[in-house]
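Here is a short report on a structure with several chains. Keep the picture in view as you read.

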Amino acid sequence: MTRADRYLAAGILLIAILSVALFYYRSSLSSGKAASVGAVISAQGKIVRKIDLSPGGGKTTFLVSGRLGPATVEVEGKRVRMVDAPCPERICIKQGWIENPGESIVCVPGETVIHVEGAAPVDAVTR
Amino acid sequence: MFNTRRLVFLSVLIAMGTVLHVVEGMVPVPLPIPGVKLGLANMVTLIALHSYGARDGVTVAVARVLLGSLIGGVFLSPGFLLSLTGAVSSTLIMALLLKYSDCFSVIGISMAGAVGHNMGQLLAAFLLLQNKSIFFYLPVLLMAGIPTGLFTGYILKSLLERVERLGILRIYEDDAASRNLGPMGLMKEKNLL
Amino acid sequence: MRKQRALFALVCLLLGAVSAGLLLGQRTREYKSDQFLMDTLVSIRVYGKDADKLREAVAAAYAEMHRIADLADGFPQPGTTAYRISDVCRINEQAGLKPVSADKDVIAMLTLAKKYHSLSEGAFDVTIGPVMDLWGFGRNDPQVPPPGRLGEALALVGSKDLVVNEREQTVFLRKAGMKLDLGAVAKGYATEKAIQALKRHGIEKALIDAGGNIRVLGKSRRDIPWRIGIKDPRKADALTAVLALEDSAAVTSGDYYRYFEAGGKRWHHILDPRTGYPAAENMSVTAVTADAGLADVLSTVFFVLKPEKALELAEKLEGVDLFLVADDGRILHTPGLRGRVEVKAGEGYRHDQGR
């Protein structure tokens, strides 16, 4: 084993440690301030609007035309919810705010879906 | 140009590499990480490399992966593709080091080969899975290359010394003869042993 | 020598091209599609190499679900085509009159339902239709029915008067006014049928989410078990647990999803067929088993039963596991889920490790 061999081993080790540090740094960075995510709103099978969900954003409301008529969606910072909809059971409104990637609000009678995009921690949720 | 000695020697190396490749697949690694293995077959590649150069090294590496996967029944499977990329990238790295540096011994070179093998596999796995999260294996695979490379390097070193004593491995004939050195002397001169 | 070198370079190039092509060819693609179906949003995700095959398989899966949905639809108006296609409507129409020949899938669903009616000692009943109608779930004006009328409707509930003749492929409701409601079977059964259709099309990795009824095929894209969250019954954006599933279904019944408020109380839609009122033993139960149809039935069965009874039954059934959040906040699960469930219980829940 020559001296160069030792340097090589040390170099590889160093790169390995540096990459661990880099991963750690990046993961702490991304968990510290959540990356801004977006939500996609679709009605009757078509995407009707894409919205940005960033923590600093203000409060806005807008209408989405579902199968039964217009539904009101409210966005406040990084959360979004359905505030009014012409469906009978109003399940979508009772669902309240959503903000995490993978979550969605579904209004079956209105055929309206609000889905928060991004890498979800689970593949699906049973409810 | 047909050199019978070279032909026979490479054939033997390919045969040995194939056997090691297959046997290695049967040895469980005490680490729960896919892709980490001892790299015994890499030793054969290294012998071919510094006996006959980059081209024959790659030939031996590719041939043993092809044959080994045919025997193992995994030809053209994702696992085969990973083995192939790993073998080729490790061979290329070892060839570069052999050609352009004379400060590394076989141990260092086989270490570099092991790391190169793991990096090549990681890259291929990324292309295959299209999932960035597998790069979390990077540090583990880097570090795993050190002990496995050391291990195969040491085996190779003692193997070369013994084989040389028996007078079988006269591979540097022309070069060594022209400079009045035995192959052992040549290897020593190049710091390989 | 030069010729040889050129040949060598050519071989190398060829090999490189072949392996690059193979690498790209081996790439797993995802195909995803959503459809409103069976009163919910059904989302199918499949993984495979050939995009066209994936699309075909998903189309076949939806076709299968539509077929079951049409057979089991209990709500179309009389006189419409939907009404005529629906076996369930025709069976209900002929209640007390005569047996009606039915599709083999309807027979299979009713046989399954009858089996678990007796296994649960009446805690599950597909003839709950008259009571469901009285409560009006799914309509504009759900209401708490007056006790007198509830009693009348309950008298029409009873799977012993549901006659399923497997040999003749007929179904008969003995008493006039009886009514089938396949709400607790059809979605799961259709999901299972869709998975079978995917399998027939050579799909090995898929996830079907039928409004929270989950059925997974194979392992996930990353070749690890699928991670399926169980919704926290009281906190909309939280999970109670995460399951690691392969080739199985997870169906949850909860008191928090479909409900209305009246008289300062919440009334949810899973009724105890023995009382006619919403079951109150559990906040949420999740049945885990290979077959989505069975999981759907069992989630309702377990929800209606007392937690201890439900666990006892789950352990008795082979290949069935159960995760439940009892009404008092206790989190319980069958031993079979150990190592496959990661409990994330928040405040207000108690997770007994011993169980």
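Begin where two chains join. T126(A) has I230(C) as its bridge partner in β8(C). Strand β8(A) covers residues 124–126, and strand β8(C) covers residues 226–231. The two strands pair in the parallel sense over 3 bridges. Two strands count as paired if DSSP finds at least two bridges between them. Strands here are DSSP runs of E with at least two residues, helices are runs of H or I with at least four, and both are numbered from the N terminus. Strands of a sheet pair through backbone hydrogen bonds, either parallel or antiparallel.

This is a predicted model, in which local features need pLDDT of at least 70, side-chain atom pairs count only at pLDDT 80 or more, and totals for chains, interfaces and linings use all residues. Residues are numbered from 1 along each chain as its sequence is written, while chains are lettered from A and ligands numbered from 1 in the order in which they are written.

**Where A meets C**

In total, 19 residues of chain A are in contact with 28 residues of chain C. Contact means that the C-beta atoms, placed from the backbone, lie within 7 Å. On the chain A side, strand β8 gives the largest share, 3 residues. That side has 9 nonpolar, 4 polar and 6 charged residues. Ala, Val, Leu, Ile, Met, Phe, Trp, Tyr, Cys and Pro count as nonpolar; Asp, Glu, Lys and Arg are charged; the others, Gly among them, are polar.

**Further into chain C**

Follow the pairing onward from β8(C). Its pairing with β9(C) is antiparallel, over 6 bridges. G229(C) has V242(C) as its partner in β9(C). Next, 3 bridges join β9(C) to β16(C), residues 341–343, and these two run antiparallel. There, A241(C) is matched with V343(C).

Why is β9(C) largely enclosed by the rest of the structure? The reason is that 5 of its 7 residues, 239–245, are buried. A residue is buried if 20 or more other C-beta atoms lie within 10 Å of its own, exposed if 12 or fewer, and partly exposed in between; C-beta atoms are placed from the backbone.

**Domains**

Domain bounds come from an automatic or database domain assignment. The table lists them for chains A and C.

| Chain | Domain 1 | Domain 2 | Distance between centres, over C-alpha atoms |
|---|---|---|---|
| Chain A | residues 1–32 | residues 37–116 | 44 Å |
| Chain C | residues 30–66 + 203–351 | residues 75–180 | 24 Å |

In chain C, 19 residues of domain 1 are in contact with 19 residues of domain 2. On the domain 1 side, β11 (259–262) and α9 (292–304) of chain C each supply at least two residues. Helix α9(C) provides the largest share, 6 residues. By class, this domain 1 side has 11 nonpolar, 5 polar and 3 charged residues.

Now look at one residue of chain C. A72(C) lies in helix α2, residues 51–72. Is A72(C) buried or exposed? It is buried, with 25 other C-beta atoms within 10 Å. Leaving aside neighbours within four places in sequence, A72(C) is in contact with V88(C), V106(C), L182(C) and A186(C). A72(C) and K187(C) are 115 residues apart in sequence, but 9.3 Å apart in space, C-alpha to C-alpha.

**The sheet in chain A**

Chain A holds an open sheet of 4 strands with antiparallel pairing. The order is β2-β1-β7-β6. Strands β2 (46–53) and β6 (104–107) stand at the edges with a single partner strand each, so one side of each has no neighbour in the sheet. From one strand to the next, the twist averages 15°. Here axes are lines fitted to C-alpha atoms, for helices over the stretch in contact, and angles run from 0 to 180 degrees between N-to-C directions. At one edge, 4 bridges join β6(A) to β7(A), residues 112–116. I105(A) has I114(A) as its partner in β7(A).

How confident is the predictor? pLDDT gives its confidence in each residue, from 0 to 100. Chain A averages 85, and 93% of the residues score at least 70. Among the elements of chain A, helix α1 (residues 3–32) has the lowest mean, 82, and strand β5 (residues 79–84) the highest, 92.

**Chain B**

Chain B has 8 helices and 0 strands. Buried residues make up 44% of its 193 residues. Among its contacts between residues at least 6 apart in sequence, 70% join residues at least 24 apart.

Note on methods. Contact = placed C-beta atoms within 7 Å. pLDDT = per-residue confidence, 0-100.
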